[in-house]
Amino acid sequence: MLLPARAPRARYYADGGGPTADAMQRCLIIEDDAENAGYIAEGLRELGWQAVGCGDGLDALGRATRESWDVIVLDRMLPGEVDGLSILTTLRALGQRTPVLVLSALAATDERVRGLKAGCDDYLTKPFAFSELAARIEALVRRAQSGEQLREMRVADLRVDLISRSVERSGRPIPLQPREFRLLAYLLMHQGRAVTRTMLLESVWDYRFDPQTNIIDVHISRLRSKIDRDGERPLIHTVRGVGYMVSADGPGKPP
Amino acid sequence: MSVALTRWWTSIAFRQALIYGALVVLTMTVLLVVFYAETVGEWQRRIDRQIDATTQRLVEYDARQGMDALAAHINGLLGDGVDSDTEVYVLLDPAGRKVVGNLALAPAIIAPRSGIIERYVLRAGRPSESRLRITPLGGGGVLIVGRDMQDQRELESLIGRASLSAALITLLMAVGGALLFRRQLEHRIGAIRLTAARIERGDLAQRVPISAHQDEFARLSDDINTMLDRIHALMEGVRHVSNTIAHNIRTPLSRILARLRKAQDGRNPATELPAAVGAAIAEIEDLNVVFDKLLQIAEVEAGARRQSFAPVSLNAIAVNVLELYDAVAEAKGLKLTHALDHEPMTCGDGDLLANAMANLLDNAIKYTRTGGAVHVDTRRDAAAVTITVRDDGRGIPSSERARVGTRFYRLDRSVPGWGLGLASVTAIARLHGGRLVLEDAEPGLIARLVLPAFDSA
């Protein structure tokens, strides 16, 4: 099955074009710090999202359960009686499967584990770069939508067979090491969207630590040398300040 | 009074001493009772034997010589002045009349019976408690032989009183001892409590005074002082770390501020501001990384991650981290080789151990010149497993080796980094009950991560 073509936006998307209002994705931002919430909402709106901020725990819980959202960004520490994790637990207890990304200043592993146990889909530590947040939100939405098991992925003339784990470009087979294959598959899974180095390290290598050297860059450039030969259209692109993206058309220009 | 009693009773020293005292009193009482029974009882038995012997002798005398001769003999015995304070003899004729004797008789007691009886009688005109043996004679008369027990009773009460006062004195001594013991103990514990109170008030330099006796309290005080020294050292360490952290965070913060202010006040805000903002963002991102790493070290040092420990293979960790770094080594033109031992297992957190090895490998690659070689091996010994990363770079002078594990210590400030890598490795090694060993590879550095072996058997 081929991935459905989706409306890409701004510079996180490979091809330009604006979304229509009814196709707009909705994000609920549950965060008590108004400035931070505004910063996230503004960034998401630039990317074509409909973003709604909510600073009160009880109110947020009501909106999260009553309305339909594509993704919820949830701050762990909220003032008042209802804290972030209890909102999450309640949502999950009600059978709500909306992807939730937890934002927290608590970075310790057991805090992260507590968040994941409560049912969050991703955990991001404050302070964060907006690009990291945006890439992760996109990945969450994508994951929630592609429920079916993929057999094959394509971008331009590159074909990745997930069953036989083989890769070919214009009929030319490209031998890859297992880790290179996972790296390419992950990039293709999120094609048209930027993925960050941390996301790659977490998903492809399963490491939660941050290596000192830019190891990911070196791996990408090695993969790139195998995929994008001289004279071929480049498919693996660097998104400045964010990470990498696979797309047929190159990273979009900033609006 | 009752308040004082409650206060005493809550004192374990007082209670222990009192219980001990009660035990002593009990032992003493048992001892006295046994002593009393043995002395007084034995004496009485001796008297009874004597009465029996005399009775037997007099009965035989009667059988041989007749009652008149017996009467004369008894008369002689009564008058000979031997035992005259205690002896009792009475001879009755068959009609029940007294022939001779020193008792005023009540008729009720004359009836012969077996054994020795004890009666209040009038002996020589005064009341006396006597032990008597009443024996019928062959000719129809009755013989009474006995002994006045007055002196015996006096002795008994004397011994009884003596025992009682002994018991009382023992009890008093036990209570007094308990109080004294309590005071002694309170005095010794008081010194420790006083020190604790002073430390609580904030004087951390206080130590428990050590007395000259090498007793339990001296040893306890010694232990407490050692503990206090350790806490003091740890707090000094924390203070040092906070100071270093403050320095390493304030310095970039003031750089950022200075640059932004300069740009704000500068002549060409249009060109200076974007550059200053860019530099500020880069510095803040760096600070963020430093924070993350510091928090991670703190988390590792706190030890909470021990809960998720599981058996892990050092080979699997080494292979994965090598794979992560092979592209970097290749790009730098380094020869990255490895040799793996058979199944070196330890019990630990795989992610942290990979992090530690990544740090070691990162350093090795960073400090090795292009064309150099980095070699990784794993090894299994009886009690320990080891990951070794060996490079042929410039190494670390032996004088610096002890300090490279401390936070923010950097040997070469021209190479990018934060000086937290080896501090992190050291913390991870300690969390796993292992250690980081740095040696000279001549040239280069050997970094060994030594961990306790996990034995699946």
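Student: What share of the 457 residues of chain B counts as buried?

Tutor: The general idea is to ask how many neighbours crowd around each residue, and a residue is called buried if 20 or more other C-beta atoms lie within 10 Å of its own. In this predicted model, 24% of the 457 residues of chain B count as buried. Chain B is built with 10 helices and 13 strands, and among its contacts with a separation of 6 or more, 64% join residues 24 or more positions apart.

Student: Which residues have the most contacts inside the largest nonpolar core?

Tutor: Here one looks for buried nonpolar residues that are joined to one another through C-beta atoms within 7 Å. The largest such core has 110 residues, and those with the most contacts inside it are Val73(A), Leu74(A), Leu101(A), Met357(B), Leu361(B) and Leu449(B). Helix H8 of chain B, residues 350-366, contributes the largest share of this core, 10 residues. As an example, Leu361(B) touches Val321(B), Tyr325(B), Val376(B) and Val389(B), leaving aside residues up to four places away in sequence. Another core, of 16 residues, lies apart from the largest one, and its members include Tyr89(B), Val121(B), Ile134(B) and Leu137(B).

Student: How many residues does each chain bring to the contact between chain A and chain B?

Tutor: To read such a contact, one counts the residues on each side and then asks which elements supply them. Chain A gives 18 residues and chain B gives 20 residues. On the side of chain A that touches chain B, helix H4 (109-118) and helix H8 (215-227) of chain A each supply at least two residues, and H8(A) gives the most, with 4 residues. Sorted by class, that side of chain A has 9 nonpolar, 4 polar and 5 charged residues.

Student: Why do the buried residues of H3(A) lie on the same side of the helix?

Tutor: One looks down the helix axis and follows the directions from the axis to the C-beta atoms. In helix H3 of chain A, residues 84-93, the buried residues are Gly84(A), Leu85(A), Ile87(A), Leu88(A) and Leu91(A). They are on the same side of H3(A) because they cover an arc of only 155 degrees around the axis. These buried residues pack against E1, helix H2 (57-66), strand E3 (71-75), strand E4 (100-104) and H4 of chain A. After H3(A) comes Gly95(A), whose phi is positive, near 85 degrees.

Student: Which residues are buried in helix H7 of chain A?

Tutor: The reading is done in the same way, and in H7(A), residues 197-204, Met199(A), Leu200(A) and Val204(A) are buried. Seen down the axis, the buried residues of H7(A) fall within an arc of 100 degrees, so they line one face of the helix. What covers them includes helix H5 (130-145), helix H6 (178-189), strand E10 (195-196) and H8 of chain A.

Student: In which sense, parallel or antiparallel, do strands E1 and E2 of chain A pair?

Tutor: One compares the directions in which the two strands run. Strand E1 (residues 26-30) and strand E2 (residues 50-54) of chain A pair in the parallel sense over 5 bridges. The chain crosses from E1(A) through helix H1 (residues 34-46) to E2(A), and this β-α-β crossover is right-handed.

Student: Where are the edge strands of the sheet E10-E12-E11 of chain A?

Tutor: An edge strand pairs on one side only, and here the edge strands are E10 and E11 (236-239) of chain A. The 3 strands form an open sheet with antiparallel pairing. Within this sheet, E11(A) and E12(A), residues 243-246, pair over 4 bridges, and Val239(A) stands opposite Gly243(A) in E12(A).

Notes
Residues numbered from 1 in each chain as written. Chains lettered and ligands numbered in written order. Predicted model: local features only at pLDDT ≥ 70, side-chain atom pairs only at ≥ 80, totals over all residues. Pairing = 2+ DSSP bridges. Right-handed = clockwise from strand over helix to strand, strands pointing away. Contact = placed C-beta atoms within 7 Å. Nonpolar A, V, L, I, M, F, W, Y, C, P; charged D, E, K, R; others polar. Buried ≥ 20, exposed ≤ 12 C-beta atoms within 10 Å, placed from the backbone.
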